[in-house]
Amino acid sequence: MRLIEELCAEHELIDAGIGALRTYIERRIAGVAGVDDGRRFVRFLRVYAAGFHHAREEDVLFPALVERADRPEAGPIAVLREDHLRTSALLSRIEALLAADPLDAAHAQELHAAAVEYSHVMWRHIDAENSVLFPESEPRLRRAGVFELPTRSATVEEAEARDLGRALVAAYPPFDDRMVVRGDGCVCCPALGESCPGLERAWWSDSEWEELDDHLGEG
Ligand SMILES: [Fe+2]
Ligand SMILES: [Fe+2]
């Protein structure tokens with residue numbers, strides 16, 4: 001399905017762009033990066049990641065899953081929507097802190113904490129969509145008779161923001177954060193057992209559970 005393929009491909013640049021933001025912020029705090037690139041990062045993340053990418057998930061994919069594939073609004077979709085809101089608020093906080101010039105020690109500490117939180121939520125969110133939401137969505141949409149979903153090209157402004165992201169990734173090699181747990185499946189998601197029972201419990205039908213039992217019985 002073209003929309004899902006596009007969203008998955010967009011994750012690669014967004015993922016790298018978040019790592020580049022972390023590198024930039026380390027350098028900014030060390031006093032070796034200027035304020036202008038901070039504005040460029042915010043523009044890339046707001047216009048391309050939140051504006052173009054998240055908007056097509058919220059406006060096209062999530063409604064199709066609820067309205068056409070009869071998936072519940074609660075559970076995985078609600079968790080992913082909440083991540084979009086949380087990261088948008090964190091990005092606004094980062095933007096306000098990046099505007100300080102010079103950056104004093106208290107603001108630097110707050111900026112670092114906000115960037116770490118933003119990156120961890122975004123990276124886990126990308127993993128959850130790539131490994132759980134997208135692969136589970138396509139067969140369900142197909143079964144509901146939905147073989148394609150509408151998509152669109154980036155506007156001139158969104159394409160400029162994407163190009164800005166590519167240039168920033170080239171200028172700031174993405175930070176490799178060993179403190180974040182990344183990987184496939186619901187097990188890495190902090191919402192599991194809190195606000196979401198996991199995709200299988202939230203989405204699977206009785207026949208899917210029976211198929212799994214049969215499969216395990218054969219093994
Ligand atoms: Fe998303
Ligand atoms: Fe996404």
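This is a short talk about an iron site, a tryptophan and a cavity in one predicted model.

Okay, housekeeping. Because the model is predicted, local features need pLDDT of at least 70 and side-chain atom pairs count only at pLDDT 80 or more, while totals for chains, interfaces and linings use all residues. Residues are numbered from 1 along each chain as its sequence is written, chains are lettered from A and ligands numbered from 1 in the order written, and side-chain values use heavy atoms, with hydrogens and water left out.

Let's start with the metal. What coordinates the iron ion (ligand 2)? Its donors are H11 (NE2), H53 (NE2), E57 (OE) and E129 (OE), at 2.0 to 2.2 Å. A donor here is an N, O or S atom within 2.8 Å of the metal (3.2 Å for Na, K and Ca), and water is not among the atoms, so sites may look incomplete. Along the chain, the donors are spaced H-x41-H-x3-E-x71-E. E57 also coordinates the iron ion (ligand 1), and the two ions sit 3.3 Å apart.

Now look at helix α2, residues 35-68: H53 and E57 are both in there, four residues apart, about one turn of the helix. By helix I mean a DSSP run of H or I, at least four residues, numbered from the N terminus. H53 and E57 are both buried, and buried means under 20% relative accessible area, with a 1.4 Å probe and protein chains only.

Next, W203, which lies in helix α6, residues 199-203. Is W203 buried or exposed? Buried, because its relative accessibility is 2%. Leaving out residues up to four places away in sequence, W203 touches ten you can click through: L65, R71, P72, P76, I77, L133, E136, S137, R140 and E208. Touching means heavy atoms within 4.5 Å. Take R140: it's 63 residues from W203 in sequence, but the C-alpha atoms are 9.7 Å apart in space.

Last stop, cavities. A cavity is a set of points, on a 1 Å grid over the protein atoms alone, where a 1.4 Å probe fits but cannot get out; lining residues have an atom within 4 Å of a point. Grid points are joined across faces, edges and corners, and the volume is the space filled by probe spheres set on the points. There are four cavities of 30 Å³ or more, and the largest holds about 150 Å³. Fifteen residues line that one, with P76, A128, V132, C186 and C189 nearest its centre. Helix α4 gives the most to the lining, four residues.

Definitions and conventions. Helix = DSSP H or I, 4+ residues; strand = E, 2+ residues; numbered from the N terminus. Buried < 20%, exposed > 50% of the residue type's maximum accessible area, 1.4 Å probe, protein only. 1 Å grid on protein atoms, 1.4 Å probe; cavity = no way out; pocket = protein on both sides within 12 Å on 5 of 7 lines; lining within 4 Å.
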